[in-house]
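I opened this entry to look up cysteines, the core and one helix. My notes follow in the sequence I took them.

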Amino acid sequence: MEQLNTNAVSGVALSRAELEDYLAQGVRRFESCTFDDEDLSRLDLQGCTFERCTFVGAILFACKLARSHWLRCRAGGVDLESVDAVDARFDGCDLNNAKWRRAKLASAAFHGCKLTGASFEEVAHLGIHFEECLLVGADMRGFSFKKATLKELDFSEAYLSGCDFREAVFEGGSLRNAVLKLAKFQGADLRATNIEGVRLTEVGLFKGAVISHAQAAAFLRELDLVVI
């Protein structure tokens, strides 16, 4: 094991007990450490930094993650149900199929993350921020993005039923084949995003939204009208 300083540990696989020992010693930074398949439920990890660590298949049920920072970590399938991750930051992380059910994610930030297939059921998300993230197939039902700027978010095939996108500005990204039942788009600027696959029954959801000429033509083609 390489000890970087009195408050950092690097390059080891840690069990729950070993992690608890380091936390008791005041260690709050972990680099290139492995926590795969460990049950870390209910640990207090507030303010910790994890860089290039792996949590594949780990269980972090009800952990305290407030103000924690995660950089380029791999955590496919991680169980984050009921965590308190208020003000947490995730940069360049692989969080595919992560389970966030009932998590507290107020003011959390995700930048350049892979969240394919992630489940955000019943999360508290006031002030949450996503940027340049893959949310393909993610369950984000009921999320509010009202008046938000959504930069390069790929919502392809995501479950967005009941989401509030009113007055949001989409800068790139995709809504291709997303499930949009009862979503709200009034005043949203969709000109820069991919809205392919919108069903005829969903066209009314975009009433009041701003779309491009090309997008309007695509809608009309769906109605079997010839656009010249």
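Why is the sulfur of C48 not in a bond with the closest cysteine sulfur? I looked up that closest sulfur and found it in C63, 10 Å away, which is too far for a bond. I kept in mind that this is a predicted model.

I then checked C133. Its sulfur has C113 as the closest cysteine partner, at 4.9 Å, and that is also too far, because a disulfide needs the two sulfur atoms within 2.5 Å. My count of disulfides by this rule is zero. I noted burial as well: C48 has a relative accessible area of 0% and is buried, and C133 is buried at 1%.

Next entry: the core. I find 73 residues in the largest nonpolar core. F30, W100, F130, F155 and F185 have the most contacts inside it. Helix α1, residues 16-24, gives the most to this core, with three residues. I recall that nonpolar side chains tend to be buried together in soluble globular proteins.

I looked further at F155. Setting aside neighbours within four places in sequence, I list among its contacts L135, M140, F145, L150, L160, F165 and F170. The contacts of F155 also include S174, L175, R176 and A178.

Last entry: helix α1. Which residues of α1 are buried? I get L19, Y22 and L23. Viewed down the axis of α1, these buried residues fall within an arc of 100°, so they line one face of the helix. After α1 comes G26, and I read its phi as positive, near 90°.

Notes. Residues are numbered from 1 along each chain as its sequence is written. This is a predicted model: local features need pLDDT of at least 70, side-chain atom pairs count only at pLDDT 80 or more; totals for chains, interfaces and linings use all residues. Side-chain values use heavy atoms; hydrogens and water are left out. A nonpolar core is a set of buried Ala, Val, Leu, Ile, Met, Phe, Trp, Tyr and Cys residues joined through side-chain atoms within 4.5 Å. Buried means under 20% relative accessible area, exposed over 50%, partly exposed in between (1.4 Å probe, protein chains only). Helices (H or I, at least four residues) and strands (E, at least two) are DSSP runs, numbered from the N terminus. Contact means heavy atoms within 4.5 Å. The arc is that of the directions from the helix axis to the C-beta atoms.
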